[in-house]
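Here is a short walk through a structure, taken one helix pairing at a time. Keep the viewer open and follow along.

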Amino acid sequence: MKFQERLKELRVSKGVSQKELGKLIGATYSAISYWETGVNEPKLSYIIALCKYFEVSADYLLGLSD
């Protein structure tokens, strides 16, 4: 599974909107949308914030492990 798919799956399973997630990690909702559609990739600080919020490892979030 690719990063963008995993991000969307985690976000939906937590029941948060792109806008809410953006506020929680300090990003814009459009950034979240771009990440989920594969237009852009997040910088490391956002990957760390996403891992902390979803309580997953970076390997999992990036699709390197199950």
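Let's start where helices α2 and α3 meet: Q18, K19, L21, G22 and I25 on the α2 side touch Y29, I32, S33, W35 and E36 on the α3 side. Sorted by class, this contact has five nonpolar, three polar and two charged residues. Bear in mind as you look that the model is predicted.

How are the two helices arranged? Helix α2 covers residues 18–25 and helix α3 covers residues 29–37, and they pack at an angle of about 110° with their axes 7 Å apart. Angles from 65 to 115 degrees count as roughly perpendicular, and α2 and α3 are therefore roughly perpendicular to each other. If you check the handedness on screen, the crossing of α2 and α3 is right-handed.

Now turn to the other partner of this story, helix α1, which spans residues 3–14. The axes of α1 and α3 come within 7 Å and cross at roughly 125°. That angle makes α1 oblique to α3. On α1, the residues making the contact are F3, Q4, L7, K8 and R11, while α3 brings I32, W35, E36 and T37. By class, the contact of α1 with α3 has four nonpolar, two polar and three charged residues.

R11 deserves a closer look. This arginine sits in α1, and is R11 buried or exposed? With a relative accessible area of 9%, R11 counts as buried, because the cut-off for that label is under 20%. Where does its side chain go? The side chain of R11 reaches the backbone oxygen of V16, at 3.0 Å. Setting aside neighbours within four places in sequence, R11 is in contact with V16, S17, Q18, L21, I32, E36 and F54. Among these, Q18 and L21 also appear on the α2 side of the contact between α2 and α3, and I32 and E36 on the α3 side.

A second arginine in helix α1 is R6. R6 is buried as well, with a relative accessible area of 5%. What lies by its side chain? A polar atom of the R6 side chain is 3.0 Å from the backbone oxygen of S65.

To retrace the route, select R11 in your viewer and follow its contacts to I32 and E36, then look along α3 to the place where Q18 and L21 of α2 come in. From there, go back to α1 and find R6, whose side chain points you to the backbone oxygen of S65.

Technical notes. Residues numbered from 1 in each chain as written. Predicted model: local features only at pLDDT ≥ 70, side-chain atom pairs only at ≥ 80, totals over all residues. Heavy atoms only, no water. Helix = DSSP H or I, 4+ residues; strand = E, 2+ residues; numbered from the N terminus. Buried < 20%, exposed > 50% of the residue type's maximum accessible area, 1.4 Å probe, protein only. Polar contact = N/O pair within 3.5 Å; in protein donor to acceptor, adjacent residues only side chain to side chain. Contact = heavy atoms within 4.5 Å. Axes fitted to C-alpha atoms, helices over the stretch in contact; angles between N-to-C directions. Parallel < 35°, antiparallel > 145°, perpendicular 65-115°, else oblique. Left-handed = near helix turned anticlockwise from the far one by under 90°. Nonpolar A, V, L, I, M, F, W, Y, C, P; charged D, E, K, R; others polar.
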